[in-house]
Amino acid sequence: MMLTVRQALSQSALTPIDAQVLLAHAIGKDRAWLVAHDDESLTPGESDRFFWLARRRRGGEPVAYLTGLREFWGLSLIVSPNVMIPRPETETLVERALARLPLDRASRVLDLGTGCGAIALALAREWRKAEIIATDSSEAALRVARANARRLGVYNIEFVRAEWYDDPALSADREAFDLIVSNPPYIAASDPHLGYGDLRYEPLTALTPGGNGLSALATIVAGAPPRISPGGALIVEHGYDQADAVNALFLAAGFVDVESTRDLAGIPRVIAGRR
Ligand SMILES: C[S@@+](CC[C@H](N)C(=O)[O-])C[C@H]1O[C@@H](n2cnc3c(N)ncnc32)[C@H](O)[C@@H]1O
C-alpha cells in the first residue's frame, strides 16, 4: 500500500521533528515541502528508505549521523561518527569571539580541537580577514573539517593535526595569535550522561579527557598566554558545573578582564579573558 507523507510521519513512532527531518532527507526535499504536500504519496523506495532511517533513530542513533548534516551558525555542516555533533550552546562562544576583536583588520586565530570545523568555519565566514589555524588530534575529524571548508568555499583556514599546542606551527616563539578559541572535551569520565542519548554514539575522545574533565581545559589555558598577542583573548567553552574552576585557571594564568557568559539555557558556558 502506498503511504502519504502524513501517514508515513504518523506511523514512524518518532517525535514530529525527527520524523520530518528524516523523511525530508529520505526523499530529497525540505521540511517546508513536506508541510505543503502532506497528502502526496511516497514511492515504495521512499517509504523503505524512511522507515529504515526511522528504525535506526528509534534504536538511538543521532539524527545528524543519519542525515550526515548538522546546522551550526546558519551553516550546513557535514558530520560523521568521527566528529562530535556541534551543539547550539557553542554558538555562544562564536558570539563572544566576534564581539572581542575588530572585524576590519587581519587577525590571527587558533581553534583548538576543531572537530568538524564548526567554530573555525563560523568565524571564517563572518570574518573574511582572519587567518585561522584549526587543529585536532584526530585525522579523521580533520578530514571532515576540510570537506566542510571546501563545501562552504572557505579558504582562510589551515588545518593541522596536533595534540593541543604540540606542533611547530603553534610554538610559543612563532607569530602570536590575536584570539585562541576552544571547545575541548570537558565531561568527567564518571558522568552518567556519557551513557545516554546522542553521546553514546559520539567519539569518546571528543567528549571527555578523562578524570574530572578539566585536564584539557587546564592544558589549553596554561599554554595560551605566550601564544597570544598583548590585548588578545582566549575564549573557551566548559561544562555546566566548571565555571568556577575554569575562572580560577584563567586567573592563575594571568588573564585579565575574565568574564563568564551563560548559554541560551541560562547555564554558565563560556569564559573569556584578555592577555
Ligand atoms: C568537544 S569536541 C569539539 C568539536 C568542535 N570544536 C565543536 O565545537 O563542535 C572536542 C574536539 O577536541 C579534539 N581533541 C581531543 N583531544 C585532543 C587533543 N589532545 N589535542 C587536540 N584535539 C583534541 C577531539 O577530537 C574533538 O574534535
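Helix α7 is mostly covered in this predicted model, with seven of its nine residues buried. The buried residues are Ala118, Ile119, Ala120, Leu121, Ala122, Leu123 and Ala124. This helix, spanning residues 118–126, also supplies at least two residues to the lining of the largest pocket, as does α9 (204–207).

That pocket has a volume of about 980 Å³. Its lining is made up of 44 residues, and those nearest the centre are Met84, Pro184, Pro185, Ala206 and Leu207. Helix α9 gives the most to this lining, with three residues. Sorted by class, the lining of the largest pocket contains 22 nonpolar, 14 polar and eight charged residues.

The second largest pocket encloses about 400 Å³ of space. It is lined by 15 residues, of which Val21, Arg31, Thr67, Leu69 and Glu71 are the closest to its centre. Two or more lining residues come from each of α2, α5 and β1 (69–72). The largest share is that of α2, which contributes five residues. The class make-up of this second lining is six nonpolar, three polar and six charged residues.

Two of the elements around the second largest pocket, α2 and α5, also meet helix α4. The buried residues of α4 pack against α1 (5–11), α2 (16–27) and α5 (63–67). Helix α4 covers residues 44–58, 15 residues in total, and reaches 21 Å from its first C-alpha to its last, close to the 21 Å expected at 1.5 Å a residue. Its buried residues are Glu46, Ser47, Phe50, Leu53, Ala54 and Arg57. Seen down the axis of α4, these residues fall within an arc of 135 degrees, so they line one face of the helix. On the other side of α4, the exposed residues are Pro44, Asp48 and Arg55. Just after this helix, Gly60 takes a positive phi of about 115 degrees.

Positive phi values also occur at residues other than glycine. As background, most residues other than glycine have a negative phi. Ala13 departs from this pattern, with a phi near 60 degrees. Ala13 sits in the loop between α1 and α2, and is exposed, with a relative accessible area of 59%. Asp257 is another residue other than glycine with a positive phi, near 50 degrees. In contrast to the loop position of Ala13, Asp257 is found in strand β8, residues 256–262. Asp257 is partly exposed, its relative accessible area being 45%.

Enclosed space is the last topic. The structure holds one cavity of 30 Å³ or more. The largest cavity has a volume of about 40 Å³. Residues lining this cavity include the run Ala169, Leu170, Ser171 and Ala172, together with Arg174, Glu175, Ala176 and Phe177. Pro226 and Arg227 complete the lining of the largest cavity. By class, the residues around the largest cavity divide into six nonpolar, one polar and three charged.

How values were computed. Residues are numbered from 1 along each chain as its sequence is written. This is a predicted model: local features need pLDDT of at least 70, side-chain atom pairs count only at pLDDT 80 or more; totals for chains, interfaces and linings use all residues. Side-chain values use heavy atoms; hydrogens and water are left out. Helices (H or I, at least four residues) and strands (E, at least two) are DSSP runs, numbered from the N terminus. The expected span of a helix is 1.5 Å times one less than its number of residues. Buried means under 20% relative accessible area, exposed over 50%, partly exposed in between (1.4 Å probe, protein chains only). The arc is that of the directions from the helix axis to the C-beta atoms. Contact means heavy atoms within 4.5 Å. On a 1 Å grid over the protein atoms alone, a cavity is a set of points where a 1.4 Å probe fits but cannot get out, and a pocket is an open set with protein on both sides within 12 Å along at least five of seven lines; lining residues have an atom within 4 Å of a point. Grid points are joined across faces, edges and corners, and a volume is the space filled by probe spheres set on the points. Ala, Val, Leu, Ile, Met, Phe, Trp, Tyr, Cys and Pro count as nonpolar, Asp, Glu, Lys and Arg as charged, and the others, Gly among them, as polar.
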